[in-house]
Amino acid sequence: LPKIIATGGWSGGIKIWNGGNDHRDVDGGETTADEAALDLLGAKNIVHEDRIMGIAMRPYLTSTTSTEGLTTMVASASIDLSAKLCKVTLNEDAASDSMDVEDDDGNKAKNNQHLRYTIEECAHLKGHAARLCSVAFHPTGKFVATTSFDHTWRLWDVETSSMAEGKELLLQDGHSREVYGVGFHPDGSLVSTTDFGGVVQCWDLRTGKSACHFLGHARRVVCSEFSPNGFQLATAGDDGTIKIWDLRRRRPSASIPAHTNLITQLKFSHSTSSQNGEFLASSSFDGTGKIWSTRDWKLLSTLEGHEGKVMGIDVLDGRDCGVVTCGFDKTLKLWK
């Protein structure tokens, strides 16, 4: 599959970007000179009526490539009280000689009608009573989880949800404060959620009940990420500390004084990258991204370049294990 990046903005739109030099045409051709890393490949300017707070792409191995091109899905969560699923497909009508246009910030981009990929809404997930915060796909790609300020998280069926109605499978109200972070265990059996009271919950999806919970953060916890090894969970938030929890012993195994401000996102290198589980990436309001070794939790690299808060970070699929960050400065940066 081509390497692509999805972003969501405070304007309510979603964009698809070229994720790197190993981007390939569906027919196996090389990337052309005018398709450099981070070139805009697709855009839908209005998906939500308000800010997008969370975005996730369907797991790499559950997306498909057919004679019609790439088919994958992007999930987004907004403060407009809804989540949406959008299908991303190859735009057969894209013209190779399409003209560049300028966006609101004066940046050149191809006209949406001639971009390489089209983004089409396919499901509207409504039910939360307050703003949504985060969204995550189940490893199978068949389900998606959302969190909300209404103190709940919900699980939705991807295949049977539609624009008319989102198919809700589970409503879990076990938190006493606003729920923000969410992440799935690699084998799909557990989901972790975090809240503004500093509580981290792990839920058994087979029973819908809490399997365990962790306390230790001094303030709000806003992100949660399972390690590919299956027995560690990383969490972070307002206190600038990354905590690593041992799921087998049900206790903390490491506490990393990582950032000087709120940590916005955590991502492990994963099974579809060349360095499966070898490092953990973090982003923060302190204006940096950081890379940590999972062997001893020591700092490997600091990513400095954004002017202001870094809102998100992710590890790219493929043999070149790149990292991508996005920030308040309205930029997307690719790090090798």
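**Exercise 1. Take aspartate 238 and work out how it sits and what it pairs with.**

Step 1. At 12% relative accessibility, aspartate 238 counts as buried. Here buried means under 20% relative accessible area, exposed means over 50%, and partly exposed lies in between (1.4 Å probe, protein chains only).

A quick word on the ground rules: this is a predicted model, where local features need pLDDT of at least 70, side-chain atom pairs count only at pLDDT 80 or more, and totals for chains, interfaces and linings use all residues. Residues are numbered from 1 along each chain as its sequence is written, and side-chain values use heavy atoms, with hydrogens and water left out.

Step 2. Look for a partner. Aspartate 238 meets arginine 220 in a salt bridge, with N and O 2.6 Å apart. A salt bridge is a side-chain nitrogen of Lys or Arg within 4 Å of a carboxyl oxygen of Asp or Glu. Side chains of opposite charge can pair when their charged atoms come close.

Step 3. Place the two ends. Aspartate 238 is in the loop between strand S20 (232-237) and strand S21 (241-246), and arginine 220 is in the loop between strand S18 (209-215) and strand S19 (221-226), so the pair ties together parts that are 18 residues apart in sequence. Strands (E, at least two residues) and helices (H or I, at least four) are DSSP runs, numbered from the N terminus.

Step 4. Check the partner's cover: arginine 220 is partly exposed, at a relative accessible area of 32%.

**Exercise 2. Find some other salt bridges and say where they sit.**

Step 1. Start with the count: the structure holds 10 salt bridges.

Step 2. Pick glutamate 121. Its salt-bridge partner is lysine 84, and their closest N and O atoms are 3.2 Å apart. This pair links distant parts of the chain, with glutamate 121 in strand S10 (residues 117-126) and lysine 84 in strand S7 (residues 82-90), 37 residues apart. Lysine 84 is buried, with a relative accessible area of 10%.

Step 3. Move on to glutamate 178, whose side chain meets that of arginine 177 in a salt bridge (3.1 Å, N to O). Glutamate 178 is buried at 18%, while arginine 177 is partly exposed at 36%.

Step 4. Finish with a network of salt bridges, which links Asp150, Arg154 and Glu168.

**Exercise 3. Which residues have the most contacts inside the largest nonpolar core?**

Step 1. Get the term straight: a nonpolar core is a set of buried Ala, Val, Leu, Ile, Met, Phe, Trp, Tyr and Cys residues joined through side-chain atoms within 4.5 Å.

Step 2. The largest one has 19 residues, and those with the most contacts inside it are Ile242, Ile244, Ile256, Ile263, Leu266, Leu280 and Trp297.

Step 3. See who contributes. S19, S20, S21, strand S22 (251-257) and strand S23 (263-268) are the elements that give two or more residues to this core, and S23 gives the most, with 3 residues.

Step 4. Zoom in on tryptophan 297. Leaving aside residues up to four places away in sequence, tryptophan 297 touches Gln232, Ile244, Ala254, Ile256, Phe268, Leu280 and Trp292. Contact means heavy atoms within 4.5 Å.

Step 5. Don't stop there: a second, separate core has 14 residues, including Ala83, Ala123, Phe137 and Trp156.

**Exercise 4. Describe the surroundings of threonine 264.**

Step 1. Threonine 264 belongs to strand S23, and at 13% relative accessibility it counts as buried.

Step 2. Look along the chain. Methionine 311 is 47 residues away from threonine 264, yet their C-alpha atoms are separated by 5.8 Å.

Step 3. List the touching residues. Not counting residues up to four places away in sequence, threonine 264 touches Val222, Cys223, Ser283, Ser284, Phe285, Val310, Met311 and Gly312. One of these, cysteine 223, is buried with a relative accessible area of 6%.

**Exercise 5. How many disulfides does the structure hold?**

Step 1. A disulfide is a pair of cysteine sulfur atoms within 2.5 Å. The structure holds 0 of them.

Step 2. Try cysteine 122. The closest cysteine sulfur to its own belongs to cysteine 86, 6.5 Å away, so the two are too far for a bond. Cysteine 122 is partly exposed, at 25%.

**Exercise 6. Sum up the whole chain.**

Step 1. The protein chain has 0 helices and 29 strands.

Step 2. Of its 336 residues, 53% count as buried. In strand S3 (residues 40-44), 4 of the 5 residues are buried.

Step 3. Strand S2 (residues 14-18) runs antiparallel to S3, joined by 4 bridges; isoleucine 16 stands opposite glycine 42 in S3. Two strands pair if DSSP finds at least two bridges between them.
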